[in-house]
Amino acid sequence: MTPAPAVLVHMCAIGEWSNAQNLGFIHPDTSADVDFVHLSTPGQVHLPANRIYRGRQDLVLLHIDPALLDSPIRWEPGVPTDPESMVFPHLYGPLPVTAVTRVDAYRPGPDGTFAPLAGSQDAT
């Protein structure tokens, strides 16, 4: 079992974050037929960002304290193009806004790609 890092992150559109603040939580994306909220470590968040959101300018990065989550986290493989043996944290339940400790704009570079977060120790 992978030990939980001190901080996990979730990226979403500004509008989704605004809606979550009104509701009090972010639910798993049922339109994507999943029953979990996608999370990442700070060092791996650029991988799904580039795969799914390349070029998007309306994203925020929610910094999450795992100790404030009520639902289980399971560490599971991403997609075959991710680095070998990499697993991602998936939250099997809603993400409460009370677990979010910081919100930052998350913008790509001029070429539309997202770089690893500065200072990430597990960046690939």
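Here is a friendly walk through this predicted model, from its aromatic rings to its sheet, its largest pocket and one residue of a helix.

Let's begin with the rings. A pair of aromatic rings is described by the distance of the centres and the angle of the planes. Searching the whole structure turns up 2 aromatic pairs. One of them joins Phe36 and Tyr92, whose ring centres are 5.2 Å apart and whose planes make an angle of 50°, a tilted arrangement. Phe36 belongs to the loop between β2 (25–26) and β3 (37–38), while Tyr92 belongs to the loop between β6 (87–91) and β7 (95–96), so this pair ties together parts of the chain that are 56 residues apart in sequence.

How accessible are these two rings' residues? Phe36 has a relative accessibility of 11%, and because the cut-off for buried is under 20%, Phe36 counts as buried. Tyr92, at 16% relative accessibility, counts as buried too. Tyr92 also has a charged partner: the charged end of Arg74 sits over the Tyr92 ring, 4.0 Å from the ring centre.

Next comes the sheet. Which strands form it, and in what order? It is an open sheet of 3 strands in the order β3-β6-β5, with antiparallel pairing. The edges are taken by β3 and β5 (73–77); each has a single partner strand, so one side of each is left without a neighbour in the sheet. Between β3 and β6, the antiparallel pairing runs over 2 bridges. If you would like a place to look, find His38, which stands opposite His90 in β6.

His38 leads us on to the largest pocket, which holds about 550 Å³ of space. There are 26 residues lining this pocket, and those closest to its centre are His10, Val37, His38, Ile52 and Tyr53. Which elements give two or more residues to the lining? They are β1 (8–13), β3, α2 (46–52) and β6.

Our last stop is Glu16, in helix α1 (residues 14–23). Is Glu16 buried, exposed or partly exposed? With a relative accessible area of 35%, Glu16 is partly exposed. Once neighbours within four places in sequence are set aside, Glu16 is in contact with His10 and Ile26. His10 is a residue we have met already, as one of those closest to the centre of the largest pocket. Finally, Glu16 and Thr30 are 14 residues apart in sequence, and their C-alpha atoms are 14 Å apart in space.

Notes: Residues numbered from 1 in each chain as written. Predicted model: local features only at pLDDT ≥ 70, side-chain atom pairs only at ≥ 80, totals over all residues. Heavy atoms only, no water. Phe/Tyr/Trp six-rings, centres within 6.5 Å; stacked < 30°, edge-to-face > 60°. Helix = DSSP H or I, 4+ residues; strand = E, 2+ residues; numbered from the N terminus. Buried < 20%, exposed > 50% of the residue type's maximum accessible area, 1.4 Å probe, protein only. Lys NZ or Arg CZ within 6 Å of the ring centre and 35° of its normal. Pairing = 2+ DSSP bridges. Contact = heavy atoms within 4.5 Å. 1 Å grid on protein atoms, 1.4 Å probe; cavity = no way out; pocket = protein on both sides within 12 Å on 5 of 7 lines; lining within 4 Å. Points joined across faces, edges and corners; volume = space filled by probe spheres on them.
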